Amino acid sequence: MEHDEKILWVLNEGTKYFRNRAADVSRFNEAEIARARGFHSSIPGYEPTPLRSLPRLAAELGVGGIYVKDESYRFGLNAFKVLGASYAIAGYLAGMLGMDISELPYDVLAGDEIRNRLGEVTFAATTDGNHGRAVAWTARMLRQNSVVYMPKGSSESRRAAIAAEGARVSVRDVNYDESVRMTAAEANEKGWVVVQDTAWPGYEDIPLRIMQGYGSMAVEALEQLRLAGHERPTHVFAQAGVGSFAGAAQGFFRAVFGEECPKVVVVEANKADCYYRSARAGDGRPRSVTGDLDTLMAGLACGEPNTIAFGILRDNASAFVSCPDYVAARGMRILGNPLGGDPFIRSGESGAVTAGLLSFMARLDCLSDMKNALKLGKDSVVLLFSTEGDTDPARYRGVVWDGEFPTYDQMREGK
Ligand SMILES: Cc1ncc(COP(=O)(O)O)c(C=O)c1O
């Protein structure tokens, strides 16, 4: 463990990009997200995932409320990603049929008549785990095929979970971004449909649908918050790999609330902090991180921003934060060992980093300027998304039971 790793942050408020309205968020408005939600609701087993309130943790950390959307319950897949893959695949198939997705609820799309009209389609993706499992699950549910590639260093348990959904899976000896390019090239040769959870110039239809699918999670959370007596959150912490999820959440809240939009804090793994680096550079252009992207937060190990999400976050997010691994580890322990009376949340590495960050913001001098600028205090209602459960169970136990990735001394002393 390196002991000089600090949490780094940069504020966006006040820059010329903040709220300059250049990025179009209309594709994430309530009507668009309702379409995605409509499709999701037709899938057997659909239920909103729980939104957990943690009042004791909120009191401990000096904020008004902490609400955590627990995506470990999503369709039994232990992560949120299927919201994106299922809506994108369904949308693609609707396009092949020349129909609108609203005419194709799950049972029609998976039925014999439509299956015969479509024939066999193969969907291909690169994944650190969760997205690939989501693509494989959706392909199986819709009686289609899938091919999934994983980057170097991928976890065996995550590979096995994808194979169990019937996909052809292999691990490549390259990083995530490189594998995405290789999958796109191979799919082009073989006539497969690439279902990638990130956009790049010329490839935006499917990732836009993936992002809109993630919007279901935000709309559910907003409904649940309202039932709990809050009109809206004041702060949303959204973890980012390529930024599809964070961009979707930001886009949705901005479209719904306009200038009254909650403050969105984008949280990354420091080994793959492309948004943080882009914001720090301050010229409005994306930066990439290359190399092995070796982080505990496998789901966030993506070094190149999604081109749709980038503009939305650049123009709207309030802050960008780059977190070392111990931040995620602390979040996993906090959510897994709740203060008396708060509910237990089984949150994996990429799911828990925002809770870890919030806990450090309550006690570290080096984060107090950010906390003040964001007006994070006793009246704040903070919304977090635990985007995965223990998708790598051995790793989860290593952190939560055996103390892997400890918080280092300087952090414990609050400097
Ligand atoms: C559990 C989890 N959380 C968050 C993310 C980040 O999502 P995105 O890559 O859209 O930024 C991922 C991506 O795979 C993930 O698996």
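Student: I have this predicted model in front of me. Which helix gives the largest share of the shell around the ligand?

Tutor: Helix H10 does, with 3 residues. Next, ask which residues come nearest. There are 21 residues around the ligand, and Gly241, Ser244, Gly299, Thr387 and Glu388 come nearest. Then look at the elements. Helix H6 (130-141), helix H10 (244-257) and helix H14 (349-361) each give two or more residues to this shell.

Student: What is the chemical make-up of the shell around the ligand?

Tutor: Sort its residues into three classes. You get 7 nonpolar, 10 polar and 4 charged.

Student: Where does the ligand lie with respect to the domains?

Tutor: Check which domains supply the shell. Domain 1 (8-80 + 206-412) and domain 2 (82-202) both give residues to it, so the ligand lies between them.

Student: How do I read the split into domains? How far apart are the centres of domain 1 and domain 2?

Tutor: Start with the bounds. Domain 1 takes two stretches, 8-80 and 206-412, while domain 2 is 82-202. Their centres, taken over C-alpha atoms, are 24 Å apart. Now count the contacts across the boundary. On one side are 45 residues of domain 1, in contact with 35 residues of domain 2.

Student: Which elements make up the side of domain 1 that touches domain 2?

Tutor: Helix H1 (30-41), H9, helix H12 (307-316) and helix H16 (393-400) give two or more residues to that side. H9 has the largest share there, 11 residues. By class, this side of domain 1 divides into 23 nonpolar, 13 polar and 9 charged residues.

Student: Let me zoom in on one residue of H9. Is Pro207 buried or exposed?

Tutor: Count its C-beta neighbours. The cut-off for buried is 20 or more within 10 Å. Pro207 has 25 inside 10 Å, so it counts as buried. Its place is in helix H9.

Student: Which residues is Pro207 in contact with, leaving aside its neighbours within four places in sequence?

Tutor: Gln196, Asp197, Thr198, Ala199, Ser244, Asn306 and Ile308. Take Ser244. In sequence, it is 37 residues from Pro207, yet the two C-alpha atoms are 7.9 Å apart in space. Ser244 should ring a bell: it is among the residues that come nearest to the ligand.

Student: What about the nonpolar core?

Tutor: First the general idea. In soluble globular proteins, nonpolar side chains tend to be buried together. Now this case. The largest nonpolar core has 128 residues, and Val148, Ala238, Ala249, Val266, Val267, Val321 and Leu357 touch the most other members. Helix H9 (residues 205-227) gives the largest share of this core, 10 residues. Both domain 1 and domain 2 give residues to the core, so it lies between them.

Student: Which contacts does Leu357 make, leaving aside its neighbours within four places in sequence?

Tutor: Leu357 is in contact with Ile7, Phe237, Val267, Val321, Cys323 and Val327. Val267 and Val321 are also on the list of core members that touch the most others.

Student: Now the whole chain. How many helices and strands does it have?

Tutor: It has 17 helices and 11 strands. Compare its radius of gyration with the globule rule. The radius is 20 Å, close to the 22 Å that the rule gives for 415 residues, so the chain is as compact as a globular protein of that length. Its C-alpha atoms fill a box of roughly 65 × 45 × 40 Å along the principal axes.

Student: How much of the chain is buried?

Tutor: Of the 415 residues, 55% count as buried. Look at contact range too. Among contacts between residues at least 6 apart in sequence, 76% join residues at least 24 apart.

Notes
Residues numbered from 1 in each chain as written. Predicted model: local features only at pLDDT ≥ 70, side-chain atom pairs only at ≥ 80, totals over all residues. Near = placed C-beta within 6 Å. Helix = DSSP H or I, 4+ residues; strand = E, 2+ residues; numbered from the N terminus. Nonpolar A, V, L, I, M, F, W, Y, C, P; charged D, E, K, R; others polar. Domains from an automatic or database assignment. Core = buried A, V, L, I, M, F, W, Y, C linked by C-beta atoms within 7 Å. Buried ≥ 20, exposed ≤ 12 C-beta atoms within 10 Å, placed from the backbone. Contact = placed C-beta atoms within 7 Å. Rg over C-alpha atoms; globule rule 2.2 N^0.38 Å.
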